[in-house]
Amino acid sequence: LDQFANVTSLGSECFKGCTNLRTINLSNIEEIDNSCFRESSIVYIDAPKLKSIVGGDNFLKCANLTGDVSHPLLEGTIPTRAYYMSGISRVINLGKVTSIDSVDYLEAFGNCPNLWHVHLPETLTNIGNGAFKLCGELREVISDNSTPPTIGSNVFSGTSSDLSIYVPDQSVQAYREASGWLDYANRIWP
């Protein structure tokens with residue numbers, strides 16, 4: 001679909017359940033609203049100007065969406081169940097996101113069976129409960145923030161037994177002693 005070249009915002013549920021939609025060029029999209037691609041067959045999305053993901057359930061159960069999450073201009077919050085049960089394999093660029101908004105059973109990236117790598121931006125200050133829960137292949141998390149973000153419970157519950165969390169060299173001890181991060185102290189490395 002190339003006819004969206006001049007559109008800057010996608011409303012709630014606009015492509016929800018579209019089982020024949022595979023790729024879409026959203027070169028000027030700055031905002032995606034609630035359940036926009038929920039349960040669609042989308043395989044690839046190009047949205048280099050995306051600044052805001054609002055509402056939640058945006059890519060919920062998009063099992064065919066198997067590539068990388070890269071939104072270099074993204075700001076604010078990743079909402080609950082934004083990528084829940086999707087097929088994504090890596091989260092490589094979340095721009096200037098400050099929060100990953102998750103509560104138990106509404107995990108932002110929870111239950112993504114192919115997710116193995118996550119890169120968290122320096123701007124991230126909060127990770128909600130179970131944000132990456134039940135991502136059984138998740139084995140590498142990189143956090144660029146020298147101050148440990150606040151994290152909820154079960155953030156990495158059900159991830160790979162080989163999970164390693166890499167943080168800035170000078171911050172290893174701070175992460176290992178921070179509330180919530182204590183549960184993962186033996187997995188935190190410079």
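**Entry 1: Tyr175 and Trp181**

I started with burial: are tyrosine 175 and tryptophan 181 buried or exposed? Both of these residues are buried. I keep in mind that I am working on a predicted model.

**Entry 2: ring pairs**

Next I wanted the count of aromatic pairs, and a search of the whole structure gave me nine. Phenylalanine 15 and phenylalanine 37 form one of them, and the pair is stacked, with 5.2 Å centre to centre and 10° between the planes. I looked up where the two rings sit along the chain, and this pair links distant parts of it, 22 residues apart. Phenylalanine 15 belongs to the loop between β1 (9-10) and β2 (23-25), while phenylalanine 37 belongs to the loop between β3 (31-32) and β4 (44-46).

Then I checked the burial of this pair. Phenylalanine 15 has a relative accessible area of 9%, so I note it as buried, the cut-off being under 20%. Phenylalanine 37 comes out at 0%, so it is buried as well.

I went back to my opening residues to see how their rings meet. Tyrosine 175 and tryptophan 181 form an edge-to-face pair, at 5.0 Å centre to centre with 75° between the planes. The planes are over 60 degrees apart, which is why I write edge-to-face here.

Which residues do the ring pairs link into a cluster? I wrote down Phe15, Phe37, Phe59, Tyr83, Phe109, Phe132, Phe156, Tyr175, Trp181 and Tyr184. Both pairs I described above have their rings on that list.

**Entry 3: charges over rings**

I also looked for charged side chains over ring faces. Lysine 133 lies over the face of tyrosine 105, and I read 5.4 Å from the ring centre. Arginine 176 does likewise over tryptophan 189, at 5.5 Å from the ring centre.

**Entry 4: the four-stranded sheet**

On to the sheets. One is an open sheet of four strands in the order β7-β9-β11-β13, paired in parallel. Which strands stand at its edges? They are β7 (75-78) and β13 (150-151); each has a single partner strand, so one side of each is left without a neighbour in the sheet.

I followed β7 inward to strand β9 (residues 96-100): four bridges join the two, which run parallel. For a residue-level check I took threonine 77, and its bridge partner in β9 is serine 99.

**Entry 5: the six-stranded sheet**

Another open sheet has six strands, ordered β6-β8-β10-β12-β14-β15, again with parallel pairing. Its edges are β6 (68-70) and β15 (188-189), and because each has a single partner strand, one side of each lacks a neighbour in the sheet.

At the β15 end, two bridges join that strand to β14 (residues 164-166), and the two run parallel. Here isoleucine 165 stands opposite isoleucine 188 in β15.

**Entry 6: the whole chain**

Last, I stepped back. How many helices and strands are in the chain? I count one helix and 15 strands. The radius of gyration is 16 Å, close to the 16 Å that the globule rule gives for 190 residues, so the chain is as compact as a globular protein of that length. I also noted the box that the C-alpha atoms fill, roughly 50 × 25 × 25 Å along the principal axes.

Buried residues make up 47% of the 190 residues. Of the contacts with a separation of 6 or more, 40% come from residues 24 or more positions apart. Finally, the chain exposes about 8300 Å², and carbon and sulfur atoms supply 45% of that area.

Notes
Residues numbered from 1 in each chain as written. Predicted model: local features only at pLDDT ≥ 70, side-chain atom pairs only at ≥ 80, totals over all residues. Heavy atoms only, no water. Phe/Tyr/Trp six-rings, centres within 6.5 Å; stacked < 30°, edge-to-face > 60°. Buried < 20%, exposed > 50% of the residue type's maximum accessible area, 1.4 Å probe, protein only. Lys NZ or Arg CZ within 6 Å of the ring centre and 35° of its normal. Pairing = 2+ DSSP bridges. Rg over C-alpha atoms; globule rule 2.2 N^0.38 Å. Contact = heavy atoms within 4.5 Å. Areas by Shrake-Rupley, 256 points an atom, 1.4 Å probe, with all protein chains shown as cover.
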